[in-house]
Structure formats: C-alpha cells, structure tokens
Amino acid sequence: MRRRDFLIGLPTALAAAHALPRAVFAELPPSWAIGFAGVESDLAPLPMSVQGRLPAPCQGTLFRNGPALYQRAGQRYGHWFDPDGMIQAFRFAADQVVHQGRFVRTERLLKESAAGRFLFNGAGSKISGAMPERNNETLNVANINVQLVGDELLALWEAGSAYRVDPDSLETLGVQHWSKELAGVPFSAHPRTDESGNLWNIGSASFAGSNPRLVLYQISAAGQLKKFRVHPLDFAGYMHDFILTPRYMIALNSSAISTMTESETFVGSVKWMPEQPSQLLVFDRQTLDHVKTIEVPATFVFHFGNAWEDQQQLEWTACAYPNSNFMTIGMARLAQQQPGPYYSDLTLVRYRLDLNKSRCQIEPLDVDLEFPAFDRRAPFSPQPLYGASGSGSSASGLATAVMRIDPRSGDAQRYDYGPDYIVEEPQLIGGDYLMHSFLDHRRGRSGVAILRAAALADGPILLAEMERILPLGFHGCFVAAA
Amino acid sequence: MVSAGGTPNAQNKHLNPPLSLRLGQAIIPHRIDEWDNGMKSFLAAITLAIQPLQLAQAADLSILIENITDPGGALSWSVFDSAETYKNDRSPVIEARSRVYAATTQVTLHDLPPGVYAVKVFHDANSNGKLDRNILGIPLEGYGFSNNKGRFGPPAFAKASVPLEGDTQIRIRLR
Ligand SMILES: [Fe+2]
C-alpha cells in the first residue's frame, strides 16, 4: 500500500498530512503546480495578446477572486482556502484586453503585511507562532468570490464579512457593514439574485462549536439590508452555497461536520459523518421562518445550479461529492503541490423535492460539472446548466473542459482543452456566450476564452492570453460595459 | 470602577465580602503614546488594589497587558479565584476598569491571598461599559485571558488560572 493511500483511512486526514513530512513527487512537480505558486504583490495593468474577434455583448469586465498570497517570511499556507484574496480584472474592449490584479486590503492582510509574516492560522493551515484571533473576522481573507452589488464589488469570504471593492481601481473601500448587530457575522460567498434583483444569502456560523447557527439575509438590489434572521442548527455541517426558489431559501446542512477546538484549524476539525443524514433546511422567503427539515442521505455539496418549480415539486441541480475528502485532503494536497489523489470525484445530481410529502428524489446525471453557471436573468426557469468539467479524469483533479447540460433531458455538449489546461468557472453572458479563465500550465500562460454557448463543441472564438501566471481561483462575475 | 485617582463605584459589590477586599492603593503606570493628545509626559497613577487583611503570605500579581490595538476607552478586567465564579462570570474577587493610553498597560494587584487566580480582561474601546458582541454573541472588541489560551470561547479555568504563592508577573496579550 502506498503511503498516500494509507493516509486516507485516518480519521483526521488533514491534521495527519500536516504532521507528516511532506510527500513529494518522484521527480519535478507537474506543470500544473504553477497554478498554486501564488503571487506576492499587486499586478499592474497588462495588455493581453488576443486571437479572435470580441462579440459586442462581451465588452466589459470579467472579475474573479481567489487565494493568491501563499507565503510570507518562509512560511507557506497548506490549504487552498487560506491565501489572501486577489481580485483579477480582465477588461475587454473592442481593440484590447487588459488584465489587472489587486489584493483585497483586509484587516488581516494589512496587519500581516506590516509584520512581514503571517500572524494567524488559516481556515485550513496552521502557522508557527500564530497569535490567537479576536474572532472569525480576524482570519478573513476575502478570497472566494467577487460580485457586483449596486455599483460596488463585494469581495466575498464565507466565515465573515464581505469587503467592498471599487470596480474601476480595484481599491478596497472597507468592510461591508449591513448593520451594527451583523458586524463580523458570516456572509457566504454565493449570494443569489431573484427575479427582481433582490439579493439573498446565507451565513454559516458552523465554527461556533456547540451552538452552530445559520443566518439568512435579504439585501435590496441597491445593496441595503432588508431583513435577516438567525436560526439554530441541529449540527455544524459545512455549507457553502444554497438554493433559491421563488418562495423558498433551501440550505443543505452537509454531513461534513465541524467540531471546532482550540488545537485544530477549521478544516482540520471537519469530520465526515456518513451515519448523519444531511438536511435540507427549507425557509420561507417572505418571513425567513423555518418551514421544514427534510433528511437526505449523507452528502457534500459546494455548489448548486438554479432551481425551478414544477407543480408541487421543487427542482434544482447540485454538484455532489460522496464525502468531504476533496475539501479536507484534496485542496490541501493541491495547495502544497503534493501528489494526489485529490478526491474531486463529484457528480452533477438533480433534486426533485415534493415539499408537501417531504419526499426528495436525487438522480445522478453522470457528468462531473462543477462551478455551475446559468442565465441569471431567468433564475427560476428550467434551463441548460454550464460549468467546468473533466476533474474526474485529469492529473490535477481539476477541470480541463467546459460543458453544458440540460438537466431534464440529459443532453450535453462539451469542449475539452486537453491535459495542458485547467479550466476555471465560466460566466454565461447574455445567454449567448460563455467566458472563462484558464491556465495553460505547459506553456506557462493564463488567459480567458470565449465560446458560443450554443456551439461549445466548436471551441473558443476568442483567446486572450499573457505570460503572467495567475494563481488558480474560485469565482467571479462578468459586468458588461455601460 | 476605578479611574485615575481611583473612585470605587457600585461594581465593588462584586468584591468578595468575606475577605473584606476593597480597592485601595496601588500604582498603575501608563505609558503615553500617539493615541493621547498632547499629554506626552503624563503618567497616570491609577490605583486598584486590594488591601486590608494582612494575610501572612499575601503576594502581588503583576499583569502586563499587551497588544491593545484600538485607541482610547478603558480596560475592564475581572479576577476570579474559582472555576465556578470564573465560568459563570459572577463574583470576581476584583472587578475594575482602567483607562487606556497606550498599546500596553501594567497593572499590579497587591496583597492577594495565596491561591489560584484567572484573569479576564476586555478593552471597552467605545466606553459603553460592555464588551460589544454581534448577534451571534461573538466579541467585537479586544479581550484576553491569563495564560492566553482559548479559541472561539474562553478557556477553562484550569487553562486560564495561575498559581499565586509569591509575587508573580504575567502577560496577557489582547486579541
Ligand atoms: Fe464556491
């Protein structure tokens, strides 16, 4: 038995991985490891080389966020969740594409930058000589998502506040305060918009040990808090995203359960508990009252597609993992540029929930679609789902393709860039175009591709590339030119 | 409550009556820094101590409070001598406040009876008399415990307590 396989059987696999000497590749790290090298300073505007013609609806800016600052003073983070967030802007005009990157100036980044070293533990890695943190906000790295709300960007984390960022300069404008009592309260990285532009979100305080709670938010289209509610949770399952329907907010309390202690990181404290059914927590959008809890077999989900109602049934898609190994082991190995396996063995599934009968059917669609994207102008229509794909068969455990699938018929289309590429989250632009960033790790380039949504299999109609290598990131948004 | 010059107030009722402890004479020097406007040479003499019963082996507990990152306001601190009172945040043997002038503050508690003590301190930066918390109960202002243990909640008394047999110095790093 190889040692890396042996590690999997340990109950606290991440902690074990940290305690053992670092596993190394037999020879050089594979070329994709450059996606986890990180950057240490802001990236000045740089024109990219462009092939192809820019469709008019794609004039605008692709904003992305992701973990970027991996090391200070000889210490390196050991989990993909941890590095400080950097906003990448790819500005597409008729005659050029320009990239710029700027770190979000979180309270933590400013303190650690002044100290010249890491001061606090990450969500997934321990720092030697770490200082105790005041609260979850001390650890905020604002590195998961960036979304336009009103006329500002929000750089989103999931265990604390969002940070406001200026879309033109990428300068950090400060912490997003919804209200005094919500200071430092988790605001998750995947807010969703309804048919009238209202923003809805959850905040998961699963780190609060014996007293885990879920916060629900409604924010107006202009970015003002309309209402919020705090609900107790039966257990502290990891929750990253949620489902928005015309009448409900539905959170999935997963069976990856945090038991936060003094000695562990958040990720290190997460245990996969297959005997604990996961819970669909259904809340009424009008009142934010808890309506129902429906148990489903133990599952782990980062992301959901959109939801629609079909008579008495609520339907949606989810990128489901058989357990939390990708988060607790795979994401640490990737960040540490270690050999796999990475456990990115997800399957897109279709949920059909009969709310009256509290009955839920979950049907696998047999595709490994992650980073789901859909037409946000019709959030509650059944529609094709787009996403990144190929993680199940790639060496890095990360996507090499873009795909679309009709979750009702199963009809799918795909374009695979091959093993030299890693494909990041796509954005659907006006229903007609798909835009996504990528890393060409063999040639050492980062870039953005545009494909026609109706003809993905034809491949990109535009490629913008640069020799500047960006750290692999998580999520973002496309903002069309005014 | 104690301020420069030291005027005990209603909080004294929490002081342990059987020992007849009361706030008395002790000097707490405060270094002045940029948070203070124009009083560069000021040395505040704040007193906060416990006097009284001349106990045979009474000892001093000196506490250096570090990493006060927000300007102004007051440190509010409580000293407990049992797991029970510490856990319930009730009946501290000493409860007091001292103004904040600098990023560090030295406090000396005089003539404590030998025993085991745990200290909780928080920085009431906005001077509203309490440790501000959000709707989840998570502290928003600086705080610390003796021995600097605890994460996402106060450490147990056993982890926070220090034995006091002779004069003792401890450091609390506010977080
Ligand atoms: Fe996400």
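A:Trp80 touches A:Phe36, A:Pro67, A:Tyr70, A:Phe326, A:Met331, A:Leu334, A:Ala335, A:Leu398, A:Leu472, A:Gly473 and A:Phe474, leaving aside residues up to four places away in sequence; a contact here means heavy atoms within 4.5 Å. This is a predicted model, in which local features need pLDDT of at least 70 and side-chain atom pairs count only at pLDDT 80 or more, while totals for chains, interfaces and linings use all residues. Residues are numbered from 1 along each chain as its sequence is written, chains are lettered from A and ligands numbered from 1 in the order in which they are written, and side-chain values use heavy atoms, with hydrogens and water left out.

A:Trp80 sits in the loop between β5 (75-76) and β6 (84-92) of chain A. Helices (H or I, at least four residues) and strands (E, at least two) are DSSP runs, numbered from the N terminus. A:Trp80 counts as buried because its relative accessibility is 4%, where buried means under 20% relative accessible area, exposed over 50%, and partly exposed in between (1.4 Å probe, protein chains only). One of its contacts, A:Leu334, is 254 residues away along the chain, with 7.1 Å between the two C-alpha atoms.

A:Leu334 belongs to helix α5(A). This helix spans residues 325-335 of chain A and is mostly covered, with 11 of its 11 residues buried. Among them are A:Phe326, A:Met331 and A:Ala335, which also touch A:Trp80. Just after α5(A), A:Gln337 takes a positive phi of about 55°.

Further on, A:Ser344 lies in the loop between α5 and β24 (347-354) of chain A. A:Ser344 counts as buried because its relative accessibility is 7%. Its contacts, not counting residues up to four places away in sequence, are A:Tyr321, A:Phe326, A:Ser391, A:Gly392 and A:Gly397. A:Phe326 is thus in contact with A:Ser344 and with A:Trp80. From A:Ser344 to A:Tyr217 the C-alpha distance is 30 Å, with their positions 127 residues apart in sequence.

Chain A as a whole has 5 helices and 34 strands. Its radius of gyration, 21 Å, agrees with the value near 23 Å for a compact globule of 482 residues; the radius is taken over C-alpha atoms, and the globule rule is 2.2 Å times the number of residues to the power 0.38. Along the principal axes, the C-alpha atoms of chain A fill a box of roughly 55 × 50 × 50 Å. Buried residues account for 61% of the 482 residues. Of the contacts in chain A between residues at least 6 apart in sequence, 58% join residues at least 24 apart.

Chain B has 2 helices and 8 strands, in the sequence order β-β-α-β-β-β-β-α-β-β. Of its 175 residues, 48% are buried. Contacts between residues 24 or more positions apart make up 73% of those in chain B with a separation of 6 or more.

Confidence remains to be considered. The model scores ipTM 0.87 and pTM 0.87. The average pLDDT (the predictor's confidence in each residue, from 0 to 100) is 73 for chain B, and 68% of the residues score at least 70. Over residues 1-52 of chain B, pLDDT stays under 50, although the model has 123 contacts beyond four places in sequence for this stretch. Where pLDDT is low, the predicted coordinates should not be read in detail.
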